[in-house]
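Welcome, and please open the model in your viewer with the sequence panel beside it. We will go from stop to stop, with something to select at each one.

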Amino acid sequence: MAGHFIRYEGVHKSFGDKAVLRGVDLAIGRGETVVVLGGSGTGKSVLIKHTIGLHSPDSGRVFVDDVEIQEFDEEQLIETRKKVGMLFQAGALFDSMTVEDNVAYALREHTDRSDEEIRDRVREVLGLVELEDVEDLMPASLSGGMRKRVALARAIALAPRAILYDEPTTGLDPITANAINRLIRNLQKRLGVTSIVVTHDIHSAFTVGDRIAFLYEGRILFDGTVEEARRTTEPRLKNFLEGGGYG
Ligand SMILES: Nc1ncnc2c1ncn2[C@@H]1O[C@H](COP(=O)(O)OP(=O)(O)OP(=O)(O)O)[C@@H](O)[C@H]1O
Ligand SMILES: [Mg+2]
């Protein structure tokens with residue numbers, strides 16, 4: 001289907017005898033934002049890492065931009081990772097590098113831009129995440145919300161066509177969390193990117209999502225619009241939503 005930028009087809013993944021993903025089918029349209037909800041340890045992070053080859057399925061297929069990626073070698077995966085940026089759950093900044101070096105990392109690795117062009121691009125993406133004059137700071141001196149923004153700036157530096165957000169608002173106060181939610185919406189609008197947002201935060205899910213997918217016992221138990229999710233009679237999703245998620 002040409003309308004989809006990311007698609008998982010019958011994805012199975014186990015670690016040892018623990019079956020985490022048991023046949024995930026999910027497709028994300030171009031320019032769409034899909035929120036993946038699910039309890040802790042249900043495999044949300046594992047699922048989205050399949051999109052950039054950080055996990056590969058035991059069986060099933062993963063498509064990015066209509067190409068199957070599960071057999072890709074490292075070199076081909078680099079091309080996929082240029083198209084799909086990821087905001088990791090733990091932020092994962094390089095602690096011994098300045099903000100500038102963190103954000104510039106992929107630009108230096110994967111482009112032949114000059115130092116000046118890279119500096120301009122770093123300033124530009126920091127602007128997109130609403131940060132200014134932070135280039136020389138070390139990650140340790142940043143607040144949690146700022147770290148998330150810097151990590152996001154790094155994820156979008158190469159102008160990806162899709163962004164994977166793993167728990168972008170977890171651990172942030174409600175005001176900072178809302179600012180991150182607005183940012184996700186803005187990036188979608190301004191850059192037209194396809195997004196997957198993994199979250200425990202129900203408010204965030206309803207704010208940023210076009211669609212909700214609920215991962216339960218290794219499969220997508222519910223897949224529908226935000227409005228359909230609000231009115232759902234699926235007891236396990238209802239229970240999850242009414243419990244306010246967790247975390
Ligand atoms: N590299 C790995 N090796 C072995 N087990 C793993 C690995 N990565 C994940 N797992 C296991 O897979 C399961 C799903 O993990 P995952 O991190 O995807 O959960 P999650 O839904 O993202 O949870 P949370 O909401 O707490 O972040 C967990 O039981 C985890 O221990
Ligand atoms: Mg996770």
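Start with the shell around ligand 1: by class, it has three nonpolar, seven polar and one charged residues. In this scheme Ala, Val, Leu, Ile, Met, Phe, Trp, Tyr, Cys and Pro count as nonpolar, Asp, Glu, Lys and Arg as charged, and the others, Gly among them, as polar. To show the shell, select Phe15, Val20, Gly38, Ser40, Gly41, Thr42, Gly43, Lys44, Ser45, Val46 and Gln89. A residue belongs here if its C-beta atom, placed from the backbone, lies within 6 Å of the ligand. Now colour helix α1 (residues 44-49), which gives the largest share of that shell, three residues. Helices (H or I, at least four residues) and strands (E, at least two) are DSSP runs, numbered from the N terminus.

A word on what you have loaded: this is a predicted model, in which local features need pLDDT of at least 70 and side-chain atom pairs count only at pLDDT 80 or more, while totals for chains, interfaces and linings use all residues. Residues are numbered from 1 along each chain as its sequence is written, and chains are lettered from A and ligands numbered from 1 in the order in which they are written.

**Two helix pairs**

Next, select helix α3 (residues 99-110) together with helix α4 (residues 115-128); they pack at an angle of about 120°, with axes 10 Å apart. That angle makes α3 oblique to α4. Axes are lines fitted to C-alpha atoms, for helices over the stretch in contact, and angles run from 0 to 180 degrees between N-to-C directions. Angles under 35 degrees count as roughly parallel, over 145 as roughly antiparallel, 65 to 115 as roughly perpendicular and the rest as oblique.

Which way do α3 and α4 cross, left-handed or right-handed? Their crossing is right-handed. For that label the near helix is turned clockwise from the far one by less than a right angle; anticlockwise would be left-handed.

Show side chains at this contact: from α3, Glu100, Val103, Ala104, Leu107 and Arg108 meet Ile118, Arg121, Val122, Val125 and Leu126 of α4. Sorted by class, the residues of this α3 and α4 contact are seven nonpolar, no polar and three charged. Two residues are in contact if their C-beta atoms, placed from the backbone, lie within 7 Å.

Keep α3 on screen and swap α4 for α5 (144-156). The axes of α3 and α5 come within 7 Å and cross at roughly 25°. This makes α3 roughly parallel to α5. Here too α3 passes α5 in a right-handed crossing. On the α3 side, pick Val99, Asn102, Val103 and Tyr105; on the α5 side, pick Val150, Ala153 and Arg154. The contact of α3 with α5 has five nonpolar, one polar and one charged residues.

**The loop between α4 and α5**

Now select Glu130, in the loop between α4 and α5. Most residues other than glycine have a negative phi. What is phi of Glu130 near? It is near 60°, a positive value in a residue other than glycine. Glu130 counts as partly exposed because it has 13 C-beta neighbours inside 10 Å. The label buried needs 20 or more other C-beta atoms within 10 Å of a residue's own, exposed needs 12 or fewer, and partly exposed lies in between, with C-beta atoms placed from the backbone. Beyond its neighbours within four places in sequence, Glu130 is in contact with Arg149 and Leu183.

Move along to Asp133, in the loop between α4 and α5. Asp133 has a positive phi of about 55° although it is not a glycine. With 9 other C-beta atoms within 10 Å, Asp133 is exposed.

**Three last selections**

Pick Pro57 in the loop between α1 and β4 (59-64). Pro57 has 18 C-beta neighbours inside 10 Å, so it counts as partly exposed. Leaving aside neighbours within four places in sequence, Pro57 is in contact with Val11, His12, Lys13, His50, Val62 and Gln70. Try a distance label from Pro57 to Gly23: the two are 34 residues apart in sequence and 9.9 Å apart in space, C-alpha to C-alpha.

Then go to Gly29 in strand β2 (residues 18-29). Its contacts, outside the neighbours within four places in sequence, are Gly3, His4 and Phe5. Gly29 is partly exposed, with 16 C-beta neighbours inside 10 Å.

Finish at Asn239, in helix α9 (residues 235-242). Asn239 counts as exposed, with 9 C-beta neighbours inside 10 Å.
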